[in-house]
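Reader: Please take me through the terms used for this structure, giving the rule behind each one.

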Amino acid sequence: MDSLPGEIMVNILSRLPIKSLLRCKSVCKSFLNLTLDPYLIEAHLDRASSHEQNPSLILNTTVLNGTTHFRSQLYYTTLTPTQSNSPCDEVPFSPLNFGEFRVEGSCRGLLLLRRRTVDALMFIINPCTGKRIEIPNLIIPSFGVERGIAFGFSPESNEYKVVKVIDGSASYVFSLSGGVWREAVGGAPSFKISENFRSDERVCVNGVIHWSCYSLLNFIVCFDVRNEVFGVIPYPTGKLQLGEVTLALFSGCLGFIEYDLNSEDDRVNIWVMEDYNVRESWTRSFIVNLNHIGWDWGRVEILCVHKNGEVLMLHRNQALLVYDPKTMSCRKPDIVGLPSWFEAVCHVGSLVSPLGY
């Protein structure tokens with residue numbers, strides 16, 4: 001292998017699943033050095049996040065720690081339509097002394113975790129490598145109330161940032177390259193942000209973080225990570241039933257999931273913005289007729305769409321379901337080691353380090 005040119009080695013290793021690539025670190029010192037090569041890290045990330053790849057999942061569950069305390073535990077799984085007995089592996093690098101936490105965001109292989117306590121301590125961690133950094137607490141006025149938090153990346157400036165909105169009148173940014181909280185360059189949003197921001201309703205596309213917002217029913221709230229400016233993106237003109245809406249990423253495009261309560265059948269409409277920030281490019285790509293498959297729509301969360309068109313869903317935080325829109329049928333994938341209760345977020349396994357920015 002030493003006789004192969006470096007670019008060929010990078011090309012070969014970049015095609016490996018993240019678990020296999022991590023095992024290469026133990027083969028020899030030269031392989032270890034290769035896994036630290038920025039070119040390999042970026043090449044592997046590009047392939048892992050390719051629109052042709054099926055996404056992986058990070059599962060977050062709560063387990064008993066001792067006799068009286070609880071802690072969160074992360075699991076990692078990748079589902080493909082043709083694979084049976086997909087493994088669900090415990091992430092060994094979950095911060096065991098972190099107690100109970102929630103996943104506030106997933107971006108390019110990194111997770112934003114926040115503790116479910118009064119101090120709300122936060123970490124950014126790569127669950128595949130275990131590398132992590134702690135985010136210092138932001139001291140805000142006693143009368144201030146947090147309205148939104150998100151984690152995103154700007155490909156133009158090559159920066160990861162956490163943004164926090166306080167009362168819709170102030171916004172603060174933590175950049176991994178800077179290491180401190182500061183006020184956003186573009187200031188606060190010019191509109192009042194609803195307090196109904198939920199962690200599963202934010203997605204970063206084209207260097208812009210997006211939230212669904214119930215105080216602005218016709219718009220998606222967005223935040224430009226590089227320029228630190230707030231704005232809005234409109235939903236399709238006159239097409240929504242204004243039911244519950246959540247955001248998602250579909251084949252690299254901004255999308256949203258509309259729970260249609262006014263149809264004869266309880267159904268979920270999946271919309272995709274094919275040309276970013278072009279209102280006319282919204283297309284209803286999928287319809288999931290939940291009544292046809294016998295599931296309670298209010299307990300189903302759409303996670304992602306596989307490259308073959310099948311829709312991956314979470315039901316009652318207890319089971320993963322795969323829906324085929326062509327046959328309008330649903331099945332449970334065979335997953336070994338799946339916890340009995342969990343939250344789920346789409347994730348890309350990578351070698352990206354939060355310490356490198």
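Author: Accessibility comes first: a residue is buried under 20% relative accessible area, exposed over 50%, and partly exposed in between, with a 1.4 Å probe and protein chains only. The model is a predicted one, in which local features need pLDDT of at least 70 and side-chain atom pairs count only at pLDDT 80 or more, while totals for chains, interfaces and linings use all residues. Residues are numbered from 1 along each chain as its sequence is written, and side-chain values use heavy atoms, with hydrogens and water left out.

Reader: Why is Asn-277 called partly exposed?

Author: The relative accessible area of Asn-277 is 46%, and partly exposed covers the values between the limits for buried and exposed. Asn-277 therefore counts as partly exposed. Asn-277 lies in the loop between strand S18 (267–273) and strand S19 (282–289); strands (E, at least two residues) and helices (H or I, at least four) are DSSP runs, numbered from the N terminus.

Reader: What makes the phi of Asn-277 worth listing?

Author: The phi of Asn-277 is near 65 degrees, a positive value in a residue other than glycine. Most residues other than glycine have a negative phi. Asn-206 is also not a glycine and has a positive phi, of about 55 degrees.

Reader: Where is Asn-206 placed, and is Asn-206 buried or exposed?

Author: Asn-206 is in the loop between S12 and S13. With 54% relative accessibility, Asn-206 counts as exposed, because that class is set at over 50%. S12 and S13 form a hairpin with two residues between them, and Asn-206 is in the turn.

Reader: How do you know that S12 and S13 pair?

Author: Two strands pair if DSSP finds at least two bridges between them. Four bridges join S12 to S13, which run antiparallel, so the rule is met. One of the partnerships sets Val-203 against His-210 in S13.

Reader: What joins S13 to S14?

Author: Strand S13 (residues 208–212) and strand S14 (residues 219–224) are antiparallel and joined by five bridges. Val-208 has Asp-224 of S14 as bridge partner, and Ile-209 has Phe-223 of S14.

Reader: Which strands form the open sheet, and in what order?

Author: The order is S12-S13-S14-S15, four strands with antiparallel pairing. S12 (202–205) and S15 (229–234) stand at the edges; each has a single partner strand, so one side of each lacks a neighbour in the sheet. On average, neighbouring strands of this sheet are turned by 30 degrees against each other, direction ignored. Such an angle is taken between axes, which are lines fitted to C-alpha atoms (for helices over the stretch in contact), with angles from 0 to 180 degrees between N-to-C directions.

Reader: Why is S13 described as largely enclosed by the rest of the structure?

Author: Five of the five residues of S13 are buried, so the description follows. Val-208, His-210 and Ser-212 point one way from S13, whereas Ile-209 and Trp-211 point the other way.

Reader: What makes Glu-104 and Arg-114 a salt bridge?

Author: The term requires a side-chain nitrogen of Lys or Arg within 4 Å of a carboxyl oxygen of Asp or Glu. The closest N and O atoms of Glu-104 and Arg-114 are 3.2 Å apart, so the pair qualifies. Glu-104 lies in strand S4 and Arg-114 in strand S5, so the pair ties together parts that are 10 residues apart in sequence. Both Glu-104 and Arg-114 are buried. Salt bridges with shared partners join Arg-102, Glu-104, Arg-114 and Arg-202 into one network.

Reader: How do you know that Glu-104 and Arg-102 meet in a salt bridge?

Author: Their N to O distance is 3.7 Å, which is within the 4 Å limit. Glu-104 has 3% relative accessibility and so counts as buried, whereas Arg-102, at 28%, counts as partly exposed.

Reader: How many salt bridges does the rule give?

Author: The count comes to 11. Among them is Glu-42 with Arg-108, at 3.4 Å between the closest N and O atoms. This pair links distant parts of the chain, 66 residues apart: Glu-42 is in helix H4, and Arg-108 is in the loop between strand S4 (101–107) and strand S5 (110–115). Glu-42 has 30% relative accessibility and counts as partly exposed.
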